Amino acid sequence: MLKRYEALDERLGKIGSYAQLLYAQDMSNPDVGRFYQSVQERITEIASRVLFFGLELNQLDEAVVEGLLADPAAARYRPWIAATRAFRPHQLPDAQEKLLLEKSLTGRSAWVRLFDETMAALRIPLDGRELTSTEVLALMVSPERKTRQDATQAFGKALGEQVRVFSLITNTLAKDKEVEDRWRKYPRPISSRNLGNRVEDEVVAALISAVRAAYPRLAHRYYKLKAGWLGLPHLEAWDRNAPLPGAPDRQIPWSEATQTVLSAYTKFSPDLGKVAEQFFEKPWIDAPLRPGKAPGAFAHPTVPSAHPYLLVNYQGKVRDVMTLAHELGHGVHQVLAGKEQGHLLADTPLTLAETASVFGEMLTFRALLAAEKEKRPGAAALPAGLQGRGHAEHGGSANRAAFV
Ligand SMILES: [Zn+2]
């Protein structure tokens, strides 16, 4: 039964990710938008008919589940069953679960889609040109202070003009979540996410308070140093991500970025390098800027019977190379997990998924640092960190694939 469910869910996932990726390529095309919506509707309809599977699995007593897991063919699925059963205390009666799933199309996902399409359609007037958010974000890290300030203010103004839409989206999503969390009896807004990530609320709370306590020692001290390097009494919002003075502002061609990232991966492990190479050869990466394309970056695992795809908006900066290295880390992990584990078991919580990507990012950062000859601050660019990437999603059964 698990195998049949897995095969069905993989088929739904394959169709769903195809529509999703087509849509990410061009969110402004109404034909693509209509196709994406119809596919989502059809998938929800089918998913709603097989929803009973997970619900009934969770209604079984622990002893019964353990008895069934004595069969080695079933035992293989133990991690997936545990991840599903983790949500057991928060499960609602079947009819309510079904209603929530079907209503999510016109609820939460419709609001998320409105946000994505509004952001993709945003055109920001700057110096007589109409720029996309991706293009303006790049100008916000220009070495020229005036350019950074103009870009930041133009972006703020353009967002301000949409404030009615954005505040309605935010407030609606927050209320929608509050209602569902209350029905499901989650103690805190973060609880459902933590449960999906297989990490306890207390652990995350301890992490957050430790990071907060370190603000003066790390962030404040760093920004003070940076203000000094930039020769400013204090940093304005548009100086926060400014390159350090003397940092080379050259354009890194795509071929060089490919070379840098692949050689960093290969140096660590030739096997890892081989898996990574496919992404460029096949190619499985959508790199150039286009109007209407989804902003940010993500790695989509699709399903193990296909292969992952990466989306980046490559503009030739060091941070773009780091983003490529990050998404490629996800991609390599997704290829290996899919091949080894199959559809249901390949799914990983974000806490684990980000380990692979940050690892790939650090390999690349170290390679860039090792290649740097100058020993002064600003000679090598700092890693872009986790800022400015695509949003993370952890969806329902048919489309559980995470954008990371
Ligand atoms: Zn990531």
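**Chat about a zinc site**

Mentor: Hi! The chain has 17 helices and 5 strands, where helices (H or I, at least four residues) and strands (E, at least two) are DSSP runs numbered from the N terminus. This is a predicted model: local features need pLDDT of at least 70, side-chain atom pairs count only at pLDDT 80 or more, and totals for chains, interfaces and linings use all residues. Residues are numbered from 1 along each chain as its sequence is written, and side-chain values use heavy atoms, with hydrogens and water left out.

Trainee: Thanks! Which residues coordinate the zinc ion?

Mentor: His326 and His330, each through NE2, and Glu354 through OE twice, at 2.1 to 2.7 Å. Donors are N, O and S atoms within 2.8 Å of the metal (3.2 Å for Na, K and Ca); water is not among the atoms, so sites may look incomplete.

Trainee: What spacing do the donors follow along the chain?

Mentor: The pattern is H-x3-H-x23-E. His326 and His330 both sit in helix H16 (residues 318–346), 4 residues apart, about one turn of the helix.

Trainee: Are those two histidines buried or exposed?

Mentor: Both His326 and His330 are buried, meaning under 20% relative accessible area, with exposed over 50% and partly exposed in between (1.4 Å probe, protein chains only).

Trainee: And how much of the chain is made up of buried residues?

Mentor: Buried residues account for 41% of the 404 residues.

Trainee: New topic: where does Val211 lie?

Mentor: Val211 is in helix H12 (residues 201–213), and Val211 is partly exposed, at 44% relative accessible area.

Trainee: Last one: what box do the C-alpha atoms fill?

Mentor: Roughly 70 × 50 × 45 Å, taken along the principal axes.
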